[in-house]
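User: I should like a close look at a single part of the protein shown below. Please explain each term when it is introduced.

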Amino acid sequence: MIGKTRWAWQRAHPADGVSAKALAPFSLPEFNLEWFAPRTKPELAWEPEPTRITPVRRLFSSPYLFWALLALPAVPMLISLTSDPGAAENLLHPSGEFSARFMIIAMMITPLRMIFPKAGWLNFLMRRRRALGVAAFLYAALHLVLYVLDEGALAPMLAEFTELGIWTGWLAFAIFVPLGLTSNAASQRWLLAGWKTLQRFVYPAAVLTLVHWIFVNNNLGQALVNFLPLAGLEAWRIWKINTGRQTAAA
């Protein structure tokens, strides 16, 4: 019989010099063809379907589309400026306001994520926060170019440089320059921990921008409408961090 092994045979024939009792612990079970059956991976009761990236989703995830949206407000400004160089005066305020608003949006993302950690739209903006900061810098550069074109000469610019609403704008732009130029992965790897320290200078730049907006436009209400949400979120963020540190220390 196929199922009989050599050890089983010796148990049946103790005359070979080995007792059946001694061989009992070493006896093997009968031969089974299932031993040689191929091992298959157990099927899962439920397997999630792979996520399909539709063309619409791929389009909205494209960084090029996001950059196009950020550049959209500048298109009519540039068209108006090329057709009429005298339009620089009328474009001064819109260009500066878009710079400030993009900066405010970029700064609001972190405290908003602390409040709504699972919000998908905040994760979307978080991945594009650097682009928002660069856009704020580029609109500030456009604002400066329009200011120079509107003044037309160096003498009038120097004459009003000491005014509070003017030098604060120049100083804010001076801070924006290194922030905008280092808003890339290569600079982050090169500067290491210093990159984060440098990026924190956006806070004094925001305060200077607020003062510049108030005294150039002579409109406190409009400036506060734009900056108060940011101020409230940053105040809450500081309170939250300090409360967490006190709890950890306790």
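The answer that follows concerns one helix, H13, and its surroundings.

Analyst: This is a predicted model, in which local features need pLDDT of at least 70 and side-chain atom pairs count only at pLDDT 80 or more, while totals for chains, interfaces and linings use all residues. Residues are numbered from 1 along each chain as its sequence is written, and side-chain values use heavy atoms, with hydrogens and water left out.

The setting comes first. The protein chain has 14 helices and zero strands; helices (H or I, at least four residues) and strands (E, at least two) are DSSP runs, numbered from the N terminus. Of the 250 residues in the chain, 31% are buried, where buried means under 20% relative accessible area, exposed over 50%, and partly exposed in between (1.4 Å probe, protein chains only). A contact requires heavy atoms within 4.5 Å. Among contacts between residues at least 6 apart in sequence, 64% join residues at least 24 apart. The chain exposes about 17,300 Å², of which carbon and sulfur atoms supply 67%; these accessible areas come from the Shrake-Rupley method with a 1.4 Å probe, and for residues only the protein chains shown count as cover.

Helix H13 covers residues 202–217. The expected span of a helix is 1.5 Å times one less than its number of residues. H13 has 16 residues, so a span of 22 Å is expected, and this agrees with the 22 Å between its end C-alpha atoms.

Which residues of H13 are buried? They are Val202, Ala205, Ala206, Leu208, Thr209, His212, Trp213, Ile214 and Asn217. These buried residues pack against five helices: H6 (88–115), H8 (129–151), H10 (164–181), H12 (193–199) and H14 (220–249).

Helix H10 offers a detailed view of this packing. Ile175 belongs to H10 and counts as buried because its relative accessible area is 16%. Apart from neighbours within four places in sequence, Ile175 is in contact with Phe201, Ala205 and Leu208; Ala205 and Leu208 are among the buried residues of H13. The C-alpha atom of Ile175 is also 9.7 Å from that of Gln199, although the two residues are 24 apart along the chain. Gly169 is likewise part of H10, and at 18% relative accessibility Gly169 is classed as buried. Its C-alpha atom lies 9.1 Å from that of Leu144, at a separation of 25 residues along the chain.

Two other partners of H13, helices H6 and H14, can be examined through Ile104. This residue lies in H6 and is buried, with a relative accessible area of 5%. Leaving aside neighbours within four places in sequence, Ile104 is in contact with Asn226, Phe227 and Leu230. Ile104 and Leu230 are 126 residues apart in sequence, yet their C-alpha atoms are 6.5 Å apart.

The loop after H13 also deserves attention. Asn218 is placed in the loop between H13 and H14. Its phi is near 55°, a positive value in a residue other than glycine. Asn218 is exposed, because its relative accessible area is 66%. Leu192, in the loop between helix H11 (185–191) and H12, also has a positive phi near 55°. Leu192 is exposed, with a relative accessible area of 61%.

The pockets complete the picture. On a 1 Å grid over the protein atoms alone, a pocket is an open set of points where a 1.4 Å probe fits, with protein on both sides within 12 Å along at least five of seven lines; lining residues have an atom within 4 Å of a point. Grid points are joined across faces, edges and corners, and a volume is the space filled by probe spheres set on the points.

The largest pocket holds about 890 Å³ of space. Its lining consists of 26 residues, with Thr110, Arg129, Gln199, Val202 and Tyr203 nearest its centre. Helices H6, H8, H10, H12, H13 and H14 each give two or more residues to this lining. By class, the lining has 13 nonpolar, six polar and seven charged residues; Ala, Val, Leu, Ile, Met, Phe, Trp, Tyr, Cys and Pro count as nonpolar, Asp, Glu, Lys and Arg as charged, and the others, Gly among them, as polar.

The second largest pocket has a volume of about 620 Å³. It is lined by 28 residues, and those closest to its centre are His143, Gly165, Gly169, His212 and Val216. Here H6, H8, H10 and H13 are the elements that give two or more residues. This lining comprises 13 nonpolar, nine polar and six charged residues.
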